[in-house]
Number of protein chains: 2
Amino acid sequence: MIQELKDNYGHLFEDALLNEINQVGTFKEVPEGFKMMDVGDYVRAMPLLVSGAIKILRDDSDGDELLLYFLVKGDTCAMTLTCCIGQTKSEIRAIAETDAKLVMVPIQKMEEWSAKYKSWRNFVFESYHSRLNEMLDTIDSIAFLKMDERLLKYLNEKVRISKNATVHSTHQEIAYELHTSRVVISRLLKKLENLGKIELHRNYITIKDI
Amino acid sequence: MIQELKDNYGHLFEDALLNEINQVGTFKEVPEGFKMMDVGDYVRAMPLLVSGAIKILRDDSDGDELLLYFLVKGDTCAMTLTCCIGQTKSEIRAIAETDAKLVMVPIQKMEEWSAKYKSWRNFVFESYHSRLNEMLDTIDSIAFLKMDERLLKYLNEKVRISKNATVHSTHQEIAYELHTSRVVISRLLKKLENLGKIELHRNYITIKDI
DNA sequence: TTTACTATGTAACCAATGTTACTGCAAACG
DNA sequence: CGTTTGCAGTAACATTGGTTACATAGTAAA
């Protein structure tokens, strides 16, 4: 495991910390679609993502959902951080967007390392900062953009995350993540196709003009 | 100053830290409406709010705005925290919602206290946690609620923050903060008045059914 | 092949919200 | 006092997005 840690976190953490992580952390691989955390779950370990992507979703009480943002390698879950400290339940749902590899760190180490390693503190602060900015970005999208712009942004995000110009989603899946209906998505996708920005197929979409 | 610090932060910080804050912090009073931070500003001090309320707004490039959340005593600005560390610009705008009193702490102390005081670390983590949850709440409102529900929630927030059942806002001001138009707000307010939930007057609104 | 299921396309309609335009009213001010 | 200015009420209309309903096409299972 130590090599994957070094590759992804070597520029952030000093060797002593990397070694500690290596000793107490457990390596974990999850397949695409794996539900890593649900609303109401208690958190007992903190994930350090070394490869793949995780999507973070917000659920409301009526079963509606909304995509908040993606985590990629080098990221950790800010929600987890505070859940660890406060012993509170998760407010969000996390699903593996692609196959992913992580190192799970027991939460008891959080406080210890925060006192001991400046680089750890910076990492935690930096994670919070990134997540707050991503939330702001999500708010911008919902508040200021129309559905067709949100859709285009969503597709571009998918391409960026998967590094692949083909998005393997059905219209219904997209509708869930943008919290709208399938018909609306089909309508807008067809409009984007007519504009030459995408190509529609069954079960996947090719993004042409990024 | 030390007494106001003790009253508002005594349950959070140990005496040694309170004394340090007292020594390096500067006391500041701002009037209602005072612009405390704008998008693009650099941050050189961290505010600890001891009385009053601050509203945090998001601006988009077209001059549109949206209310994110309020800070009250015992709170600090999570954006400031990361701006301090990362030396990045503010992404948000902060306006005094009421007259407010704060203690400004030079940002150099951030790192020093994070290493030295567990209570400081917890405070910072806790602040991030609160702000993230407030952002989630904002997202819920925009994504899942209709405008009339958002308006009612907004009015209740105002009452809670000001501890006063009279909201001193024009319809136009409310429209800006909810990112909609004056006409829409007037329409919905009138509906709420007909339902007996509020009373409309020139320049203020009385909330009856909270 | 026949059948069943899932994904997509599309029309018609509805509800919520945004826009424009005009009104009257109250406070402020000369 | 009359005039100006800002706030609020409201009608009429446009647009966006959500809903219902149904048709068609690809895919998998029987």
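Two residues are taken to be in contact if their C-beta atoms, placed from the backbone, lie within 7 Å. On that basis, in this predicted model, the contact between the two protein chains draws 29 residues from chain B and 30 residues from chain A. On the chain B side, helix H3 (78-86), helix H4 (108-116) and helix H5 (118-144) each put in at least two residues. H5(B) has the largest share of that side, with 16 residues. Sorted by class, the side of chain B that touches chain A splits into 14 nonpolar, seven polar and eight charged residues.

How do the two copies sit relative to each other? Chain B lands on chain A after a rotation of 180 degrees with 0.0 Å of shift along the axis, and the RMSD of that fit is 0.1 Å. The pair is thus related as by a two-fold rotation axis. In chain B, Ala115(B) has the C-alpha nearest the axis, at 2.7 Å from it. Both copies use the same surface for the contact, as 100% of the contact residues of chain B turn up again in chain A.

Taken alone, chain A is built from eight helices and 10 strands. Its radius of gyration is 19 Å, close to the 17 Å that the globule rule gives for 210 residues, so chain A is as compact as a globular protein of that length. Along the principal axes, the C-alpha atoms of chain A fill a box of roughly 55 × 35 × 30 Å. Buried residues account for 32% of the 210 residues in chain A. As for how the chain folds back on itself, 69% of the contacts in chain A between residues at least 6 apart in sequence join residues at least 24 apart.

Next comes a small sheet in chain A. Three strands make up this open, antiparallel sheet, in the order E8-E10-E9. Strand E8 (166-167) and strand E9 (198-201) of chain A are at the edges with a single partner strand each, so one side of each has no neighbour in the sheet. E9(A) and strand E10 (residues 204-207) of chain A run antiparallel to one another and are joined over four bridges. Across this pairing, His201(A) stands opposite Tyr204(A) in E10(A). The hairpin of E9(A) and E10(A) has two residues between the strands, and Asn203(A) takes a positive phi near 70 degrees there.

Another positive phi crops up at Lys163(A), a residue other than glycine, with a value near 55 degrees. This lysine, Lys163(A), sits in the loop between H6 and E8 of chain A. Lys163(A) counts as exposed because it has 8 C-beta neighbours inside 10 Å, where the cut-off for exposed is 12 or fewer. In the other copy, Lys163(B) also has a positive phi near 55 degrees. Lys163(B) is placed in the loop between H6 and strand E8 (166-167) of chain B, and with 8 C-beta neighbours inside 10 Å, Lys163(B) counts as exposed.

That leaves the DNA. Around DNA strand C there are 20 residues, and those that come nearest are Thr170(A), His171(A), Lys146(B), Met147(B) and Thr180(B). Both chains feed this surface: helix H7 (171-177) and helix H8 (182-194) of chain A, along with helix H6 (147-162) and helix H8 (182-194) of chain B, each supply at least two residues. Which helix gives the most to the surface near DNA strand C? That is H8(A), with six residues. The class make-up of the surface near DNA strand C is six nonpolar, seven polar and seven charged residues.

DNA strand D has 19 residues around it, with Lys146(A), Met147(A), Thr180(A), Val183(A) and Thr170(B) coming nearest. For this surface, at least two residues each come from helix H6 (147-162) and H8 of chain A and from helix H7 (171-178) and H8 of chain B. Here H8(B) gives the most, with five residues. By class, the surface near DNA strand D has six nonpolar, seven polar and six charged residues.

How values were computed:
Residues numbered from 1 in each chain as written. Chains lettered and ligands numbered in written order. Predicted model: local features only at pLDDT ≥ 70, side-chain atom pairs only at ≥ 80, totals over all residues. Near = placed C-beta within 6 Å. Nonpolar A, V, L, I, M, F, W, Y, C, P; charged D, E, K, R; others polar. Least-squares fit on C-alpha atoms with pLDDT ≥ 70 in both. Pairing = 2+ DSSP bridges. Buried ≥ 20, exposed ≤ 12 C-beta atoms within 10 Å, placed from the backbone. Rg over C-alpha atoms; globule rule 2.2 N^0.38 Å.
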